[in-house]
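Biologist: Could you take me through a close look at the sheet in this model, and at what packs around it? I'd enjoy a connected tour of that one part.

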Amino acid sequence: MSTLTPAIPSIIGRLLEELSWTGRLITKYRGGGRGFENVLSAEVLQALDFLPRAAFLGSVVEALHDGAATARQMLKDEAEKAEFLVLPGEMYLQAEDIPKVEIQPDAIITTPNVYCLVEAKRIRSSSFQPRQLAREFVMARRHADGRHPLLLLLLSSPPPVRVQGRRKLSIRDAILTALPEVFHVGRDISALESLIEETVCWLTWAELAEQIQVAKRSFGSGAPSVDAAVIRLADSVMKSVRWHGNES
């Protein structure tokens, strides 16, 4: 099974690559990119990648809501073996029954037995594109390659979620209503409906930050310098979430 080998090895490098394609819109990132989900994701997930996995990633996974119980437990058990690919760039969903479409998840987290696709929304007002969740649900399952698929949503607030052009929907309904549009006409999607619950889970940014603080309070390595470094990283998560959530 292949490991994650991005062409640009650092998270900051991949963020800069993504921003380089924004053209004149790059000026919106002045002031540190405050409020933008790709900047928030880079800051928080890089810290989570560097923090001791069992204590911190394990704490976050334990707090996830809704389904995917088996995948979540496996991800927690294999936290130390997790590989993070934050801002992976363009990925494609394509098969005989699916027209080719580009998808840009915010992160991919893999372990020997879990393939986790992360979709993050900004802390302030945001919405999903009409087919976004359905496509990412299918991608998580199609790209799992024998592992347990997991679609993890990082949200500003608990569901229901906003979907462009539609009313607020539960996560399940947001996926179900768009699933027929992901496939070629005539594809029977009934078998996929029952797989949503075992694939999708969510957490708010505030809950993620709180779990990092909970883990920080109980962590101790016995080495003062190591503990101080862990505290700085953990506190950077809280600072990022607060800063991006208080846009001026």
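Modeller: Happy to! Two strands count as paired if DSSP finds at least two bridges between them. Please keep in mind that this is a predicted model. Let's start where strand β7 (residues 148-155) meets strand β8 (residues 200-204): the two run parallel and are joined by 5 bridges. Within this pairing, L153 has W202 of β8 as its bridge partner.

Now to the whole sheet. It is open, has 6 strands, and follows the order β1-β8-β7-β6-β5-β2 with mixed pairing. β1 (65-66) and β2 are the edge strands; each has a single partner strand, so one side of each has no neighbour in the sheet.

Helix α4 (residues 69-77) lies across β1, β5 (107-111), β6 (114-120), β7 and β8, and runs at about 85° to β7. The edge strand β2 (83-86) has a part to play elsewhere: along with α2 (37-50), it is among what covers the buried residues of α1. Those buried residues of α1 (residues 11-19) are I11, G13, R14, L15 and L19.

Next, the nonpolar cores. The largest has 48 residues, and L48, F56, L150, W205, L208 and I212 touch the most other members. Helix α2 gives this core its largest share, 7 residues. A second, separate core has 36 residues, including I108, A134, L192 and L153, the residue whose bridge partner is W202.

To finish, look at W205: beyond its neighbours within four places in sequence, its contacts include L40, S41, V44, A120, L154, L155 and V241.

Methods. Residues numbered from 1 in each chain as written. Predicted model: local features only at pLDDT ≥ 70, side-chain atom pairs only at ≥ 80, totals over all residues. Heavy atoms only, no water. Buried < 20%, exposed > 50% of the residue type's maximum accessible area, 1.4 Å probe, protein only. Helix = DSSP H or I, 4+ residues; strand = E, 2+ residues; numbered from the N terminus. Contact = heavy atoms within 4.5 Å. Axes fitted to C-alpha atoms, helices over the stretch in contact; angles between N-to-C directions. Core = buried A, V, L, I, M, F, W, Y, C linked by side-chain atoms within 4.5 Å.
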